[in-house]
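Thanks, everyone; I would like to take a few minutes to walk through one model, going from its core outwards to the chain as a whole. Please have a look at it on the screen before I begin.

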Amino acid sequence: MNPMEMTVKRKAFLEELPKVVDDAVREYGPRLRRIEIAEDEKGCYTVFITYESDFKPPR
């Protein structure tokens, strides 16, 4: 069975991005799969953090 991936979303301003990324690396460690950063029209950033989850849906 393939591991399930989960994505969480964090909002941040430009100066907060390094801390958000560092926190994600620290929190998810080797389970971290990718981090995507998107800027909106107002100059705020959304950080999508995808990681491998231990969650197993009921059968």
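Let me start with the largest nonpolar core, which has 11 residues in all, namely Val-8, Ala-12, Leu-17, Val-20, Ala-24, Tyr-28, Leu-32, Tyr-45, Val-47, Ile-49 and Tyr-51. Strand S1, covering 4-12, helix H1, covering 17-28, and strand S3 are the elements that each give two or more residues to this core. I should say at once that what we are looking at is a predicted model. As general background, nonpolar side chains in soluble globular proteins tend to be buried together.

One member of that core, Tyr-45, is worth a pause: once neighbours within four places in sequence are left aside, Tyr-45 is in contact with Arg-10, Lys-11, Ala-12, Phe-13, Leu-14, Leu-17, Ile-37, Ala-38 and Glu-39.

Now to strand S3, which spans residues 45-53 and includes Ser-53. Is Ser-53 buried or exposed? Its relative accessibility is 12%, and because buried means under 20%, Ser-53 counts as buried. If we do not count residues up to four places away in sequence, Ser-53 touches Met-4 and Met-6.

Stepping back to the whole protein chain, we have one helix and three strands, and along the sequence these follow the pattern β-α-β-β. The chain has 59 residues, of which 25% count as buried, and its accessible surface comes to about 4,700 Å², with 54% of that belonging to carbon and sulfur atoms. Finally, among contacts in the chain with a separation of 6 or more, 54% are between residues 24 or more positions apart.

Methods. Residues numbered from 1 in each chain as written. Predicted model: local features only at pLDDT ≥ 70, side-chain atom pairs only at ≥ 80, totals over all residues. Heavy atoms only, no water. Helix = DSSP H or I, 4+ residues; strand = E, 2+ residues; numbered from the N terminus. Buried < 20%, exposed > 50% of the residue type's maximum accessible area, 1.4 Å probe, protein only. Contact = heavy atoms within 4.5 Å. Areas by Shrake-Rupley, 256 points an atom, 1.4 Å probe, with all protein chains shown as cover. Core = buried A, V, L, I, M, F, W, Y, C linked by side-chain atoms within 4.5 Å.
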